[in-house]
Amino acid sequence: MNISYKWLKSLLEFELTPQQVAERLTRIGHAVEELTYLGSGFESVLAARALKVSKHPNADKLKLVEADYGATETLEVVCGAPNVKEGGLYPLALSGARLAGGMTVEKVKIRGVESRGMLCSEKELGLSAESAGLMELDPVWKPGTPLAEVLGREDWMLGIEVTANRGDMWSHLGVVRELQPFVSHKLRLPEAKPAESGPAINELTSVRIEDPEGCPRYMARVILEVKVGPSPRWLIERLAAVGQRSINNVVDVTNYILLELGQPLHAFDLDKLEEGRIVVRKARENEKIFTLDEVERSLGTSMTVIADGRKPVAVAGVMGDKLSEVDERTTRVLLECAYFNPVTNRRTARALGMFTEASRRFERGTDFDLMPYAVDRAARLIAEVASGKVARGVIDICPRPLLRNEVRLRRERVKRVLGVDFSEKEIEKLLSGLDFELEKEHKGLFRVKVPSSRTLDVRREVDLIEELARLWGYDRIPVPRRLELTPGTGGINGGPEWELRRKLAGMGYQEVLSSSFVDSKLIEKIYGAGRFEFWRLVAPISKEEDVLRPSLLPMLLACVRRNLNQRRRDLALFEIGNVFDRHPGEKGSGEQRRLALAVTGEYRPVHWSGPAPRQDFFALKGTLESLFDWLKVPPMRFAADSHPVLAPGTAASIVHDGEKIGVIGRLDSGAAAEMDLPAEICLAELDLKPVLASAAMPIYRPVSQFPGSRRDISILLGENTSCADLIEQVRRVSPLVAEVTVFDLYQGDRIPPGKISLALSILFQSRERTLRDEEVDRAFEEISRSLIEKFGVQPR
């Protein structure tokens with residue numbers, strides 16, 4: 001929430017500096033994340049009056065301007081702007097001023113005449129993208145006035161992080177209430193009651209509430225003879241101070257009240273309402289509305305709408321429709337001020353995917369007791385800035401009274417929770433500073449009436465105790481000197497999954513944590529339609545997060561893309577998380593715990609010692625094999641397979657105990673194009689449950705004290721024969737085999753089509769004795785014969 005320091009001071013008199021305000025708010029739980037001086041960039045830029053304008057002696061298109069900038073002497077500057085004239089007031093940048101874009105103004109000779117400053121355009125000051133000449137200032141300002149003051153930029157903007165439970169903090173009034181206990185003055189709200197004239201409001205319109213659950217209170221005023229146009233400068237500057245752009249004088253007033261009081265308002269063109277009346281009701285099934293963002297939306301029966309005599313003209317508390325908006329032809333305005341059910345509003349906003357400034361406030365609860373003041377103040381301001389007349393009377397429909405919370409507070413309970421023995425006077429002083437009303441029932445017990453602005457936030461005794469803690473200061477609450485610590489039982493720092501994370505981090509991988517919500521359209525583009533039966537969200541946060549993820553790979557690839565866009569080329573990432581992989585026709589949740597890995601680039605950054613090997617399919621396969629070996633999982637097999645995300649010929653299944661538990665391969669070019677990624681990315685994803693279930697405690701055995709004997713074999717075999725099957729067969733034939741590695745692979749000249757040449761190195765070793773040559777020879781012959789019989793290989 002952006003807050004203007006000057007705006008705060010207009011509501012509450014205090015001597016705190018912007019920095020002190022930021023510190024105070026942060027200490028009581030409202031973190032100020034940003035503190036910005038709005039006049040930055042206008043230092044050494046003053047208002048200057050052109051006293052004399054004459055031709056440049058050496059240039060036809062340039063002029064010499066004698067400028068009064070509030071000093072004892074005038075300043076001569078060279079200017080080429082066509083609109084400079086005697087008596088005009090313009091921004092003057094003095095020597096040393098830094099303008100937008102980083103340009104520094106200096107004394108310089110232009111065609112032989114020294115220019116000691118620079119008269120500026122809006123573009124040169126960074127106030128607009130284009131400008132045809134000098135920026136013309138209001139002549140009422142005195143020469144020498146800082147431009148920041150002229151533009152209303154002598155102000156500070158505080159960026160406050162508002163917690164979800166504090167809807168009252170979405171306004172300047174809410175912030176002022178939080179500061180009130182620390183200053184000696186009371187809140188001062190501007191006069192709100194408008195001057196009324198003309199017909200009574202009941203002669204112009206009517207309001208009927210058919211959905212009191214969704215809209216417990218609705219107020220309306222009518223302003224006549226309105227002239228819609230630009231807002232006055234004070235209003236434009238006040239909105240700009242918190243990052244809001246001006247639209248027109250009527251809409252600007254509603255935004256002003258929203259930011260000042262936290263009460264959303266909506267202005268309807270009364271002449272565009274069918275039958276000139278308002279009906280608050282439930283939407284009909286599939287009822288349509290064309291909202292202000294120019295999107296036609298389909299409504300549901302759980303949603304509250306504001307309708308005229310025929311159709312919806314607003315989604316209650318979210319957004320109005322385009323057809324009834326105020327424009328330059330509007331002369332009669334119906335001003336809406338309502339209190340909408342926070343739960344209904346939140347569900348509607350999420351169902352429609354519409355998150356507006358109004359819905360943000362309504363779903364957190366607005367101040368229903370402030371509504372009469374808000375609608376009066378808005379009507380008064382619209383009458384002032386748009387030359388309108390406020391019709392007599394106000395419509396206020398409230399089917400059931402809206403009541404403030406009452407909570408009992410025990411002094412002993414405060415002491416027990418906080419460890420601070422507050423006196424009754426201290427409790428009264430602290431809480432009354434936040435507009436809580438305290439009535440003493442008997443000694444040590446208060447009945448506390450909660451302000452209507454805090455209805456959803458303060459409901460229990462412990463909520464009041466929290467308020468006392470905030471105001472007293474968390475740093476002043478005593479902490480026991482002796483703390484008893486008990487050992488944890490599992491959690492994040494325990495178990496095989498945690499050890500797996502540590503192992504991967506030790507291997508140079510970085511962990512990724514991504515959202516469980518993904519875009520179903522992206523999944524279908526990558527995997528193909530119909531592969532998954534999605535778990536769809538009833539009320540998705542956005543259209544791009546409408547289903548539970550059926551795989552970890554899409555979000556992991558999105559993380560790779562973000563890193564590559566930041567020119568981080570060498571990546572090794574992993575994620576452990578749940579997926580919701582339900583294939584068509586399957587029953588049950590299909591929820592699985594999976595591990596996904598992605599690698600690209602080189603093992604290490606560029607180094608003078610030479611190039612580093614690339615992270616490819618075999619590097620990723622080696623990572624998995626190292627993990628399986630470390631976990632003491634029975635050997636996994638990698639079998640050729642196909643997968644929609646992986647390139648043909650590079651995809652392989654990861655097989656455990658005869659069951660496919662995962663995939664590994666290089667990213668397919670089609671999937672890469674869909675995600676705007678290079679294809680040189682290798683991926684793996686596997687189900688963790690069978691892996692961790694078969695993991696065993698490491699068994700440490702001493703290295704054999706006896707020498708081994710190595711034999712190599714070169715064979716010719718079919719190109720579709722599994723290398724993993726060959727190695728497994730070698731190990732199965734003889735117990736003397738200690739190690740099997742592939743050290744050569746060849747396919748080309750003198751190798752028949754469909755065949756490959758493969759070379760294996762076999763280490764024979766015993767832990768009990770030195771092997772004799774004849775034992776090794778016999779085992780080697782048995783292995784050769786077994787490979788010929790089972791796989792039809794040909795020794796070379």
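The structure holds five cavities of 30 Å³ or more. It is a predicted model: local features need pLDDT of at least 70, side-chain atom pairs count only at pLDDT 80 or more, and totals for chains, interfaces and linings use all residues. Residues are numbered from 1 along each chain as its sequence is written, and side-chain values use heavy atoms, with hydrogens and water left out.

**Cavities**

A cavity is a set of points, on a 1 Å grid over the protein atoms alone, where a 1.4 Å probe fits but cannot get out. A pocket is an open set with protein on both sides within 12 Å along at least five of seven lines. Lining residues have an atom within 4 Å of a point. Grid points are joined across faces, edges and corners, and a volume is the space filled by probe spheres set on the points.

The largest cavity has a volume of about 130 Å³. Its lining counts 15 residues, and those closest to its centre are Asp168, Leu261, Gly262, Thr366 and Asp367. Domain 1 (2–38 + 155–187) and domain 3 (196–397) each give at least three residues to this lining.

The second largest cavity holds about 80 Å³ of space. It is lined by 14 residues; Arg364, Gly365, Ser453, Thr455 and Leu456 lie nearest its centre.

**Pockets**

The largest pocket has a volume of about 2,200 Å³. Its lining has 48 residues, with Lys621, Glu625, Cys723, Ala724 and Ile727 closest to the centre. Five elements each supply at least two lining residues: helix H16 (617–631), strand E32 (637–640), helix H19 (723–733), strand E37 (737–746) and strand E38 (755–764). Helices (H or I, at least four residues) and strands (E, at least two) are DSSP runs, numbered from the N terminus. Both domain 5 (495–694) and domain 6 (709–795) contribute at least three residues to the lining of the largest pocket.

The second largest pocket has a volume of about 850 Å³. Of its 29 lining residues, Val251, Asn255, Leu265, His266 and Leu292 lie nearest the centre. Two or more lining residues come from each of helix H6 (249–261), strand E14 (265–269), strand E19 (312–315), strand E20 (319–320) and helix H8 (357–362). H6 gives the most, with four residues.

The table sorts the linings by residue class. Ala, Val, Leu, Ile, Met, Phe, Trp, Tyr, Cys and Pro count as nonpolar; Asp, Glu, Lys and Arg count as charged; the others, Gly among them, count as polar.

| Lining | Nonpolar | Polar | Charged |
|---|---|---|---|
| Largest pocket | 24 residues | eleven residues | 13 residues |
| Second largest pocket | 15 residues | eight residues | six residues |
| Largest cavity | four residues | seven residues | four residues |
| Second largest cavity | two residues | seven residues | five residues |

**Domains and annotations**

The chain is divided into domain 1 (2–38 + 155–187), domain 2 (45–151), domain 3 (196–397), domain 4 (406–472), domain 5 (495–694) and domain 6 (709–795). These bounds come from an automatic or database domain assignment. The centres of domain 3 and domain 6, taken over C-alpha atoms, are 82 Å apart.

UniProt adds two annotations. Its positions are given in the numbering used here, feature names are shortened, and annotations may be inferred rather than shown by experiment. In an unreviewed entry, UniProt lists residues 39–148 as "domain: TRNA-binding". That span is 2% helix and 38% strand, and its end C-alpha atoms lie 5 Å apart. UniProt also lists residues 704–796 as "domain: FDX-ACB", from an unreviewed entry. Residues 704–796 are 32% helix and 34% strand, with end C-alpha atoms 32 Å apart.

**Cysteines**

A disulfide is a pair of cysteine sulfur atoms within 2.5 Å. By this rule the count is zero. For Cys79, the nearest cysteine sulfur is that of Cys120, 9.5 Å away. Cys79 is buried, with a relative accessible area of 5%. Buried means under 20% relative accessible area, exposed over 50%, and partly exposed in between (1.4 Å probe, protein chains only). Cys682 is likewise in no disulfide; the sulfur of Cys559 is its nearest, 17 Å away. Cys682 also counts as buried, at 5% relative accessibility.

**A strand residue**

Glu591 is found in strand E31 (residues 591–600). At 44% relative accessibility, Glu591 counts as partly exposed. Glu591 and Val579 are twelve residues apart in sequence, and their C-alpha atoms are 5.6 Å apart in space.
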